[in-house]
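The following report considers how two bound ligands are held, beginning with the metal site and then turning to the other ligand.

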Amino acid sequence: AVLPGPPSAAARVKESARRRLREFDVGDRFSRLPLPKASVLLPLTVRAGKLHLLLTVRAMQLRRSPGEVCFPGGKREAIDKDEIDTALREAKEEVGLQPEKVEVVCRLVPGIDKMNHVVTPVVGFIEDTFQATPNPDEVSDVFVVPLEYFVKPSNYKTLPYKTSSGYSGWMHCFIYDDHERKMSFKIWGLTAHFAVFLALVIFGKHPTFKVEYDLDNLISSAETNFMNLYASIYERKKSNL
Ligand SMILES: CCCC(=O)SCCNC(=O)CCNC(=O)[C@H](O)C(C)(C)COP(=O)(O)OP(=O)(O)OC[C@H]1O[C@@H](n2cnc3c(N)ncnc32)[C@H](O)[C@@H]1OP(=O)(O)O
Ligand SMILES: [Mg+2]
């Protein structure tokens with residue numbers, strides 16, 4: 001019989017990330033909130049021994065957020081049985097990623113977008129050989145960023161924001177220079193929020209900038225932040241009825 005050899009460096013990086021991610025899996029705990037829903041896929045891949053995240057640039061002809069960087073994803077459809085289904089269906093439609101080529105690891109604490117959708121981030125590993133085929137109706141470009149950039153950026157600022165429900169605060173904004181492609185990408189808002197949380201979960205160390213969490217209680221502070229945001233939107237919806 002052939003004995004399995006020692007795990008490769010890539011396999012070890014994945015195994016330690018997998019273990020951390022599973023501790024933060026929210027499962028279906030946020031599945032029944034009465035707001036419209038969307039999902040995004042946070043596709044992780046190992047390149048040169050390091051975790052990387054795949055991101056997209058939205059097509060300019062889209063009605064919502066044209067030209068902005070986001071993860072593959074979209075609104076829930078009736079055929080989707082859960083948040084994971086939505087993320088995988090959208091990733092296939094947008095970048096040609098086959099669902100069976102994704103090792104889904106967990107769902108993280110949701111966020112809320114401009115249109116008041118509850119957006120669930122689904123984390124999955126994809127193969128380092130994956131070649132995206134962007135659907136030009138929705139995606140104009142696909143790129144990867146080392147996950148570490150979201151705790152140790154070289155070009156970072158905060159942007160102020162205010163929602164329609166009167167909730168104000170600030171957002172992370174990263175400029176990532178892809179030297180190989182001689183291109184620069186601006187990653188901000190909800191997309192940056194998910195990327196930072198993922199990096200905090202996996203690396204478990206302090207970032208070089210201020211974050212909205214108590215890093216000693218990352219899970220509970222992420223849930224509290226979400227529930228506060230959710231409550232502000234829900235209260236406003238009720239008072240508008
Ligand atoms: C308060 C924080 C707000 C921010 O953070 S803004 C800051 C920076 N931007 C971000 O972080 C992006 C955040 N947004 C997102 O990630 C996504 O919008 C989100 C929430 C996942 C929703 O996904 P979407 O991609 O907007 O939704 P979707 O994929 O279901 O649909 C997109 C639009 O495309 C259309 N579409 C779908 N398939 C198509 C096709 N084959 N040909 C042409 N059009 C097609 C679809 O109808 C939709 O159009 P519409 O938006 O309804 O007008
Ligand atoms: Mg989409």
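In this predicted model, Gly 73 has a relative accessible area of 10% and is therefore buried, since the cut-off for that class is under 20%. Glu 94 likewise counts as buried, at 4% relative accessibility. These two residues coordinate the magnesium ion (ligand 2), Gly 73 through O and Glu 94 through OE, at 2.1 Å. The pair links distant parts of the chain, for Gly 73 belongs to strand β4 and Glu 94 to helix α2, and they stand 21 residues apart.

Ligand 1 is surrounded by 22 residues, of which the closest are Arg 58, Arg 63, Glu 68, Leu 190 and Thr 191. By character, this shell divides into eleven charged, seven nonpolar and four polar residues. At least two shell residues come from each of β3 (69-70), β4 (73-75), α2 (83-95) and α3 (189-203), and β4 and α2 are also the elements that hold Gly 73 and Glu 94 of the magnesium site.

Polar contacts between side chains and ligand 1 are set out below.

| Residue | Atom type in ligand 1 | Distance |
|---|---|---|
| Arg 63 | oxygen | 2.6 Å |
| Glu 138 | nitrogen | 3.0 Å |
| Glu 90 | oxygen | 3.1 Å |

Alongside these contacts, the protein covers 78% of the 1100 Å² of accessible area that ligand 1 has on its own. Arg 63, which provides the contact at 2.6 Å to an oxygen atom, is also listed among the closest residues of the shell.

Methods: Residues are numbered from 1 along each chain as its sequence is written. Chains are lettered from A and ligands numbered from 1 in the order in which they are written. This is a predicted model: local features need pLDDT of at least 70, side-chain atom pairs count only at pLDDT 80 or more; totals for chains, interfaces and linings use all residues. Side-chain values use heavy atoms; hydrogens and water are left out. A residue is near a molecule or strand if one of its heavy atoms lies within 4 Å of it. A polar contact is a pair of N or O atoms within 3.5 Å; within protein, one must be able to donate a hydrogen and the other to accept it, and residues adjacent in sequence count only if both atoms are side-chain atoms. Accessible areas come from the Shrake-Rupley method with a 1.4 Å probe; for residues, only the protein chains shown count as cover. Helices (H or I, at least four residues) and strands (E, at least two) are DSSP runs, numbered from the N terminus. Ala, Val, Leu, Ile, Met, Phe, Trp, Tyr, Cys and Pro count as nonpolar, Asp, Glu, Lys and Arg as charged, and the others, Gly among them, as polar. Donors are N, O and S atoms within 2.8 Å of the metal (3.2 Å for Na, K and Ca); water is not among the atoms, so sites may look incomplete. Buried means under 20% relative accessible area, exposed over 50%, partly exposed in between (1.4 Å probe, protein chains only).
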